[in-house]
Amino acid sequence: MNLINQDLDVIVIGAGLAGLKAALELKNAGKKVLVLEARDRVGGRAKRGEICGQAIDHGGQWLGAQQPRLRKQAEALNIKIYSQYTKGKGLLSLKDQVSKFQLIPSLPFTAYFSLAHIYYIWQRDMKSLPTHQPWRAERASEWDNLSLQQWIEANTADQAVRDFVALIIRAILCAEPSETSYLFFLEGLRQGQGIKVMADVKGGAQQDKFVGGAWQITKKMADLFEQDIVLNSPVLSVTQDENGVQVNCAETSYKAKKLIITAPPKQVTQIKFTPELPEKKSKLLQGMEMGNVIKMHIAYPTPFWRHRGLNGSVLSPDRHLGLVFDQSPIDENIGILVGLIEGDHAVHMASLSTEERKKIVIADLVHYFGAEAATPLEYVDCNWNNEEWSSGGYAAHTKLGVITQYGDALRTPFVHIHWAGTETATEFAGYYEGALESAIRAAQEVLEIV
């Protein structure tokens, strides 16, 4: 094995948004940094795609109204921002009946009352969590051992409401309500400033987008480095001693004073550590699972829905394609819809061929929009479970009981190792904003030492 000693201050594992931001913070502070990336590209969970010659985001794409770090980063890179299209009405499909709505989906009065009560409870319980330390909440043990599915069933008997709440949970976590705890969900709400902000477009987390795509942010950040990013370099093992760390890839090893790890939890569990990680940290990583999501784009000659007074948005708890948004370019030279298939729907759809998925998606879009949706120009999708170094999306959630037993190990450094990545964020975990927040924190931890 070739040992390269470049007198490095810091090695960063992962060239996604968190890794690149941490490296830039350190580089701008005068530190010598090397970024190791397992993939053959930069970006991590930001990934470029293309449909009908238009660049698209296979990964995250939105900029929330309450996400200043991401906005500042885009502006620093001269990436233009524009608003998500919202002119016109949205569509709700419930029990195979499609209805239009302006701001609030059309539901029976009793369902509205039940949803309002659920919203009140979420807000109340969310506000009871100690900042950044949900495991210290008064009811932490109870909530962490209570699945979201159990919580839903205990708080409403209305099946339509249960289905609608499950849709919201899948949209946020890309997981089924049975797969994580009420405590984990509450902490996500707290970090995201509540369900209204997380679900809204105007004034919310889906307010804006980036001209040309969010993937450009990581690409332009990487362009600020020269030879300091090494692709196709999965880390196999990490050894620490009093002098620093040695990071070992298949053919090359590198030494540095400090290490920042930004890889998703599942990938971190594949690395051999000497000395071994603390038991709490190891158990925490093992107790974190990525969500299941397939992101699809479908192109039409024109954004025909706009001409019918629709904004392209769809909500549906009953069908595979449960969330749809307008993704058409500003000049409207083509019509594009973007959709998200999440949770068990994504698991099922992942077992099918692309052509089989396309048929199901078109059938759902015809159900929503009518016959004009039957003949698209092109269909593309990205199954994030097939992304080897992500193994799912958007981010990881914890299994039942994990937060209260091991949550305090989430951001705790281990000798020379520091932790970043959107899962470790204290604000907007699971978002690009969370990735940036985590990177700035981890870089500052290192700068206080090195």
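Contact means heavy atoms within 4.5 Å of each other. The exercises below concern a predicted model, in which local features need pLDDT of at least 70, side-chain atom pairs count only at pLDDT 80 or more, and totals for chains, interfaces and linings use all residues. Residues are numbered from 1 along each chain as its sequence is written, and side-chain values use heavy atoms, with hydrogens and water left out.

**Exercise 1. The whole chain**

Describe the protein by its contacts, its secondary structure, its burial and its radius of gyration.

Step 1. Among contacts between residues at least 6 apart in sequence, 74% join residues at least 24 apart.

Step 2. The protein contains 16 helices and 21 strands. Helices (H or I, at least four residues) and strands (E, at least two) are DSSP runs, numbered from the N terminus.

Step 3. Of the 450 residues, 57% are buried. Buried means under 20% relative accessible area, exposed over 50%, and partly exposed in between (1.4 Å probe, protein chains only).

Step 4. For 450 residues, a compact globule would have a radius of gyration near 22 Å, and the protein agrees with its 22 Å. This radius is taken over C-alpha atoms, and the globule rule is 2.2 Å times the number of residues to the power 0.38.

**Exercise 2. The surroundings of helix 9**

Determine whether helix 9 is enclosed or open, and state which elements cover its buried residues.

Step 1. Helix 9 comprises residues 215–222, and six of these eight residues are buried, so the helix is largely enclosed by the rest of the structure.

Step 2. The buried residues are Trp215, Gln216, Ile217, Thr218, Met221 and Ala222.

Step 3. The elements that cover them include helix 1 (17–28), helix 2 (68–76) and strand 3 (48–51).

Step 4. The axes of helix 1 and helix 9 come within 10 Å and cross at roughly 35°. Axes are lines fitted to C-alpha atoms, for helices over the stretch in contact, and angles run from 0 to 180 degrees between N-to-C directions.

Step 5. Leu17, Leu20, Lys21 and Leu24 of helix 1 make the contact with Ile217, Thr218, Met221 and Ala222 of helix 9.

**Exercise 3. Helix 5 and helix 6**

State how the directions of helix 5 and helix 6 are related, and which residues meet.

Step 1. Helix 5 (residues 148–155) and helix 6 (residues 159–173) have axes that come within 10 Å and cross at roughly 155°.

Step 2. The crossing angle makes helix 5 roughly antiparallel to helix 6. Angles under 35 degrees count as roughly parallel, over 145 as roughly antiparallel, 65 to 115 as roughly perpendicular and the rest as oblique.

Step 3. On helix 5, Leu148, Ile152 and Glu153 meet Arg162, Val165, Ile169 and Leu173 on helix 6.

**Exercise 4. Two cis peptide bonds**

Give the omega values of the cis bonds that lead to proline 275 and tyrosine 394, and locate both residues.

Step 1. The bond from threonine 274 to proline 275 is cis, with omega near -5°. Proline 275 belongs to the loop between strand 13 (272–274) and helix 11 (279–286).

Step 2. The bond from glycine 393 to tyrosine 394 is cis, with omega near -10°. Tyrosine 394 belongs to the loop between strand 19 (378–383) and strand 20.

**Exercise 5. Positive phi**

For cysteine 52 and asparagine 78, give phi and classify the accessibility.

Step 1. Cysteine 52, although not a glycine, has a positive phi of about 50°. With a relative accessible area of 31%, cysteine 52 is partly exposed.

Step 2. Asparagine 78 has phi near 60°. Its relative accessible area is 66%, so asparagine 78 is exposed.
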